[in-house]
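Please keep the sequence and the three-dimensional view side by side while reading what follows. The account moves from the chain as a whole to its helices and then to a few chosen residues.

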Amino acid sequence: GAFAASSVKTGMEFDSAMSQVAATMGKTVDEVQDLRAFAQEMGATTAFSATQAAEGLNYMALAGYSAEQSMTMLPKVLDLAAAGGMELARASDMVTDAQSALGLTAEQTAAMVDQMAKASSTTNTSVAQLGDAILTIGATGKSAAGGTAELSQVLGILADNGIKGAEGGTHLRNVMLALQAPTDKAAAAMANLGIQAFDSQGNFRDMQGIFSDLQASMDGMTEKQRSDILSTIFNKTDLASVNALLGTTAERWDEVAAAAMAATQLDNLAGDVTLFQSALEGAQIALSDQLTPSLREFVQFGSGALGELTTAFQEGGLDGAMDAMGGILSNGLNLIIGQVPGFTQAGMRLLGALGQGLLDNLPTITSAALTIALMLVDGLVTAFPALTQGGTQMLLQLALGIADAIPELLPAVLAAVFEIINTLTGPDTLTALLGAALAILLALGDGLIAAIPDLIEAIPVIVENLALALAAAAPMLAEAGVHLL
């Protein structure tokens, strides 16, 4: 009953969340049944509950996603939130905002989510910080040669050097703009060094290639010469980021890739509990789906009955309300009676399943019980020498303690015995005891004398009962005697 009540509450919350999804999409609840089933699947297989998955679908709907796009994107958003330890709402906003800012397709957005998780697992940054950085770069990030993968890579390297989040996004945007649209002096400096920001097709080159060429072109220069060149090409406020990228080895550029973190972060007891809770909610929703139609019928009946009762009271006063009450109670009882067989059948099936489960597993249960018993016996046998030795030592210690205490205990015991004897044999005590004994004897005598008439009157009845009992038992006694002979 408690589990059913909890399931109904969980089901109500889930249905409410799905109703919100339908309303956001401009559809009816019946038209989002595919999304409802998908949210339940996500709740049963991810770290998030079905209700949370429904809330995630609503965030997708608010961003203008269709039902198909929402189902494609939601698993990625859930993984991103789990990997980054983020609230689902923030993860959803981050993904949808990044998609809009960078002009990504659903497939490109799904890839971006994986790339952010990979970058955060191999660099000194978090998924949330990467998301803030990408949102700060905005439309400038569209020109990255390697797309969102390169953005995550470069932002991860900046984070290794302490330049994280929106700050990293700001500096990377400035660096990209400085390379794409250099001033006249910057363009001349780049030309002297042989640095090309664009390839032969006019596409912006990858950042690793650009900075590798820049590093090679300044090889052998003094620190002042390097500083003057970099200050000419880039803004002075961005030089720390520029030097961080220049100081990163080719090996480190290639290392910024690893497996997604969502599954790894759940690979522990806390993660197991989270997944269990999600699966449990799925079971509760399934049960709630079976109970909800009947409960809705009851609630709707109650709402209608209250309205009918109110109208009857307004029109006919108390008498009218009482007349209406009779019909309401009758209809309510019929409604309950109609539902009782179904609930009873469900209960009997539950008990039957439980009994069948016990019978099916009886050999295993018996074997386990026998194993436990044997282990207990073996443990007792193993421990018996130690227990015996311990018990013997305890008895010896107790005996020695008593022996040590006898010289002190004996005089006290003897004194107590002598005191009792003296008290009992004292003149006052003996006189009181004799008086009490004499009073008891006199009371018994008086009682017997008073009861003699009743005893005499009862003797014939007692004798008659004995005779009847012997007569009734005579055949049995005779048979017993023959058997003994």
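Helices here are DSSP runs of H or I that hold at least four residues, and they are numbered from the N terminus. By that reckoning Val175 is found in helix H9, a residue to which the account returns below.

The model is a predicted one, and its confidence should be weighed before any detail is read. Across the chain the pLDDT averages 79, with 84% of the residues scoring at least 70. Confidence is highest in helix H9 (residues 165–180), at a mean of 94, and lowest in helix H15 (residues 262–265), at 44. Over residues 258–266 the pLDDT stays under 50, and for this stretch the model has 22 contacts beyond four places in sequence.

In its secondary structure the chain comes to 18 helices and 0 strands. Of the 485 residues in the chain, 31% are buried. Among contacts in the chain with a separation of 6 or more, 66% are accounted for by residues 24 or more positions apart.

How the helices are set against one another can be followed pair by pair. Two packed helices are described by the angle between their axes and by the distance between those axes. For helix H3 (residues 50–62) and helix H4 (residues 67–84), the axes come within 10 Å and cross at roughly 120 degrees. Angles of 65 to 115 degrees count as roughly perpendicular and those over 145 as roughly antiparallel, and H3 and H4 are therefore oblique to each other. Their crossing is right-handed. On the H3 side, Ala53, Gly56, Leu57, Met60 and Ala61 take part, and they meet Ser70, Met73, Leu74 and Val77 in H4. Sorted by class, this contact has 7 nonpolar and 2 polar residues, with no charged ones.

Helix H7 (residues 127–137) can be read through its buried residues, which are Val127, Ala128, Leu130, Gly131, Ala133, Ile134 and Ile137. What covers them includes H4, helix H5 (88–102), helix H6 (106–122), helix H8 (147–160) and H9. As background to such a list, an α-helix has 3.6 residues a turn, so residues three or four places apart point the same way. Just after H7, Gly138 takes a positive phi of about 60 degrees.

Further along the chain, helix H13 (residues 239–246) takes part in two of the helix pairs described here. With helix H11 (residues 207–217), the axes come within 9 Å and cross at roughly 90 degrees, and H11 and H13 are therefore roughly perpendicular to each other. Met207, Phe211, Leu214 and Gln215 in H11 meet Val242, Leu245 and Leu246 in H13. By class, that contact has 6 nonpolar residues, 1 polar residue and no charged residues. With helix H12 (residues 223–233), the axes come within 11 Å and cross at roughly 115 degrees, and H12 passes H13 in a right-handed crossing. Here Arg226, Leu230 and Ser231 in H12 meet Leu239, Val242, Asn243 and Leu246 in H13, a contact that has 4 nonpolar, 2 polar and 1 charged residues.

Which residues does Val175 contact, once its neighbours within four places in sequence are left aside? They are Met207, Phe211, Phe234, Asp238 and Val242; of these, Met207 and Phe211 belong to the H11 side of the contact with H13, and Val242 to the H13 side. Val175 and Val242 are 67 residues apart in sequence, yet their C-alpha atoms are 7.5 Å apart in space. Val175 has a relative accessibility of 1% and therefore counts as buried, the cut-off being under 20%.

Is Gly247 buried or exposed? With a relative accessible area of 59%, Gly247 is exposed, and it is found in the loop between H13 and helix H14 (250–255). Gly247 and Phe211 are 36 residues apart in sequence and 9.3 Å apart in space, C-alpha to C-alpha.

A last residue, Gln153, lies in helix H8. At 18% relative accessibility, Gln153 counts as buried. Apart from its neighbours within four places in sequence, Gln153 is in contact with Gln208, Trp253 and Val256. The C-alpha atoms of Gln153 and Asp254 are separated by 8.9 Å, although the two residues are 101 residues apart along the chain.

Notes. Residues are numbered from 1 along each chain as its sequence is written. This is a predicted model: local features need pLDDT of at least 70, side-chain atom pairs count only at pLDDT 80 or more; totals for chains, interfaces and linings use all residues. Side-chain values use heavy atoms; hydrogens and water are left out. Axes are lines fitted to C-alpha atoms, for helices over the stretch in contact, and angles run from 0 to 180 degrees between N-to-C directions. Angles under 35 degrees count as roughly parallel, over 145 as roughly antiparallel, 65 to 115 as roughly perpendicular and the rest as oblique. A crossing is left-handed if the near helix is turned anticlockwise from the far one by less than a right angle, and right-handed if clockwise. Contact means heavy atoms within 4.5 Å. Ala, Val, Leu, Ile, Met, Phe, Trp, Tyr, Cys and Pro count as nonpolar, Asp, Glu, Lys and Arg as charged, and the others, Gly among them, as polar. pLDDT is the predictor's confidence in each residue, from 0 to 100. Buried means under 20% relative accessible area, exposed over 50%, partly exposed in between (1.4 Å probe, protein chains only).
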